[in-house]
Amino acid sequence: MTDNVLTARDLRCRYGAFEAVRGAGFTVRRGELLCLLGTNGAGKTTVLDVLRGHRRPTGGAVRVLGLDPARHRRRLAPAVGVVPQDPGFAGALTVAETCELWVRLRGLRPDAGAPAEVGLDHRLTVPVRQLSGGERRRLDLAIALAGHPAALLLDEPTAGLDPQSRERAWELIRARCAAGAAVLLTTHALDEVEALADRIVLLRAGRVVAAGTPAEVTAGRPHRIVCAVPARLRDRPPPALAGAVAWRATAGPGAELTVTTPAPAADLDALRAWAAPAGLARVAVTPPSVGDLLREVPA
Amino acid sequence: MTWLILVRAELLLLLRSPLAVVNAVLSPLLFGVGWLWLAESTGRGAGGDAAAIQLLLLLGFAPFAGATTALAARRSDLVLKRLRTCALPGAAVVAGLMAPFALLAVVQSAVLFGLTAAAGDAPPARWWPLVVAVAAGVPLAGALAFATAAGTPAPELAQLTTVPGFLALFGGGMWLLDAAGPTWPMRLAPGVPVAELARAAWSPAAPVWPALTAVAVLTAAAVGFADLVFRWEPRR
């Protein structure tokens, strides 16, 4: 039996004349968390909509647990937990009623412990319309996690959560992943990517422009050296470096120098020699990150 | 029987909305009793005529206008979008959304027909046409609600968008009461064949099949149209 739980091959999805997804492909295996990244409108939510069976692709193929989600929506519902981008709750139902409704509509038995898992056990009798945005997100997560699904499709699951709730949500997602669930998650929060992602897929205008582990997609990308230099060096050009140099004025007498370089060790040595004997201050060498990659990808 | 949980939720939502309680629960009963009182006082429009008007009123208020408002509200809250990806097939979702209004119409019609039969000099000669009228009228009103909800972008606009459908139901009944007898073109107004079925309970010789055929055709047309135009998520 294959370990691939979620598969998309040459996925295409069109809204009228606009093609939102143009040949995206990836797999998510058991126990793996894949972060789907991209700017607004990159096609992330459309990919999730196709995987949850809400939309039929106009091209390519998707499989969830080996089945076409559009054709086998009922069969897959108990095995796939979804946090949609927008909650979709009736405001007059209470937290307990809403949780029971949507858990049972997934074809599962009611899970009385689901609200407690996300810290909503003290809000069970409160109408959903009185919940904050973050609490609604937690309710969504409770419904998605109910029944220990084999796949989780999470569209910005921690949007609007306070820091403690985000940490708690991350713990829950990590635990489900460790228990074997395949998780596909979209987010704009880079700390979330760093905290959770086993692999990332970066979409731009519906196409995959980078894919792999965070280390793989950032390999070969430049480091960044940021340092403060003494005032007397402002008029003396720095030595020839492997990286690009940028100056920034600061409030004090000195200046801030940023070097974006593929050879951080050599360039740092050269900078230290150039700044001797006063030397450099506040030196920070930042390795390449997924955030850099995202910032460099145009919308 | 998973869809029953949806019926329960919709029933709770209906009973927790003061507007829905007044419009869908109380108004048809009050108007129905009012019509009966008027008919008895003036000696005109009692018996089958009263039952026909009562049925059209309650169909217009609950399974038509009430359901239209509820569908627009659920779509606006993105509940309908979410329902499209649950384990229920589409037909079960539709049934779950409509069942509370259908149940309400059945209970209201039992109350009003009971009062009408008790108040009049002559009870209906046969009861089954009344049952058929309710059984045929509720799906017709529900299908009209789905079609109307397609053109209702927000629940508060339902008061406006339901006017044509309400007139087609209630106005059709009034037309029938005023006419010498129903003709086939008249039966294209949804209220006419439903009222004709209700009146047939007091007229043992009146044929039922023409009205029943008209209701079936109108329901099929409304279902087809609703299927074509109904949207499960708000237009962005």
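Q: Which residue stands opposite Arg12(A) in S4(A)?
A: This is a predicted model, so let's start with how its strands line up. Strand S1 of chain A covers residues 4-15 and is joined to S4(A) by five bridges, with the two running antiparallel. Across that pairing, the residue facing Arg12(A) is Gly59(A).

Q: In what order do the three strands of the open sheet in chain A come?
A: Start from the edges: strand S2 (18-29) and strand S4 (59-64) of chain A each pair on one side only. The pairing is antiparallel, and the twist averages 15 degrees from one strand to the next. Reading across the open sheet, the order is S2-S1-S4.

Q: Which helix of chain A packs on that sheet, touching S1, S2 and S4?
A: Look for a helix made of residues 44-51 in chain A. Its direction makes about 120 degrees with that of S1(A). The helix in question is H1(A).

Q: What is the bridge partner of Cys13(A) in S2(A)?
A: S1(A) and S2(A) pair over nine bridges, in the antiparallel sense. The two strands make a hairpin with two residues between them. Follow the ladder to Cys13(A), and its partner on S2(A) turns out to be Val21(A).

Q: Which residue in the turn between S1(A) and S2(A) has a positive phi?
A: The hairpin leaves two residues between the strands, so that's the place to look. There, a phi of about 60 degrees belongs to Gly16(A).

Q: Is Thr7(A) buried or exposed?
A: Thr7(A) sits in strand S1 of chain A. Leaving aside residues up to four places away in sequence, it touches Phe26(A), Thr27(A), Leu51(A), Ala61(A), Val62(A) and Arg63(A). Its relative accessibility is 15%, and the cut-off for this class is under 20%, so Thr7(A) counts as buried.

Q: How many residues of strand S3 of chain A are buried?
A: Leu33(A), Cys35(A) and Leu37(A) point one way from S3(A), while Leu34(A) and Leu36(A) point the other way. That fits the general pattern, because side chains in a regular strand alternate between the two faces of the sheet. Both sets are buried. S3(A), residues 33-37, is therefore largely enclosed by the rest of the structure, and the count is five of the five.

Q: Which residue of S7(A) is the bridge partner of Cys35(A)?
A: Strand S7 of chain A takes in residues 182-186 and runs parallel to S3(A), with four bridges joining them. Within that pairing, Cys35(A) is matched with Leu185(A).

Q: Which residue in S8(A) stands opposite Leu34(A)?
A: S3(A) also pairs with strand S8 (residues 199-204) of chain A, in the parallel sense and over four bridges. Here the residue opposite Leu34(A) is Arg199(A).

Q: Is H2(B) roughly parallel or roughly perpendicular to H5(B)?
A: Over in chain B, helix H2 (residues 18-42) and helix H5 (residues 90-119) pack at an angle of about 15 degrees, with their axes 10 Å apart. Angles under 35 degrees belong to one class, so the pair counts as roughly parallel.

Q: How many residues in the contact of H2(B) with H5(B) are nonpolar?
A: The crossing of these helices is right-handed. On the H2(B) side the contact includes Val25(B), Leu29(B) and Glu40(B), and on the H5(B) side Gln108(B), Leu112(B) and Thr116(B) are among the residues met. Three of the contact residues are polar and one is charged, while the nonpolar ones number 11.

Q: How does H1(B) lie relative to H5(B)?
A: Helix H1 (residues 3-16) of chain B packs against H5(B) at about 45 degrees, with the axes 8 Å apart. That angle makes H1(B) oblique to H5(B).

Q: How many charged residues are in the contact of H1(B) with H5(B)?
A: H1(B) passes H5(B) in a right-handed crossing. Residues making the contact include Trp3(B), Glu10(B) and Leu14(B) of H1(B), along with Gly96(B) and Phe101(B) of H5(B). By class there are 13 nonpolar and one polar, and the charged count is one.

Q: How exposed is Val21(B)?
A: Val21(B) lies in helix H2 of chain B. Not counting residues up to four places away in sequence, it touches Leu14(B), Leu15(B) and Leu26(B). Its relative accessibility is 24%, so Val21(B) counts as partly exposed.

Key: Residues are numbered from 1 along each chain as its sequence is written. Chains are lettered from A and ligands numbered from 1 in the order in which they are written. This is a predicted model: local features need pLDDT of at least 70, side-chain atom pairs count only at pLDDT 80 or more; totals for chains, interfaces and linings use all residues. Side-chain values use heavy atoms; hydrogens and water are left out. Two strands pair if DSSP finds at least two bridges between them. Axes are lines fitted to C-alpha atoms, for helices over the stretch in contact, and angles run from 0 to 180 degrees between N-to-C directions. Contact means heavy atoms within 4.5 Å. Angles under 35 degrees count as roughly parallel, over 145 as roughly antiparallel, 65 to 115 as roughly perpendicular and the rest as oblique. A crossing is left-handed if the near helix is turned anticlockwise from the far one by less than a right angle, and right-handed if clockwise. Ala, Val, Leu, Ile, Met, Phe, Trp, Tyr, Cys and Pro count as nonpolar, Asp, Glu, Lys and Arg as charged, and the others, Gly among them, as polar. Buried means under 20% relative accessible area, exposed over 50%, partly exposed in between (1.4 Å probe, protein chains only).
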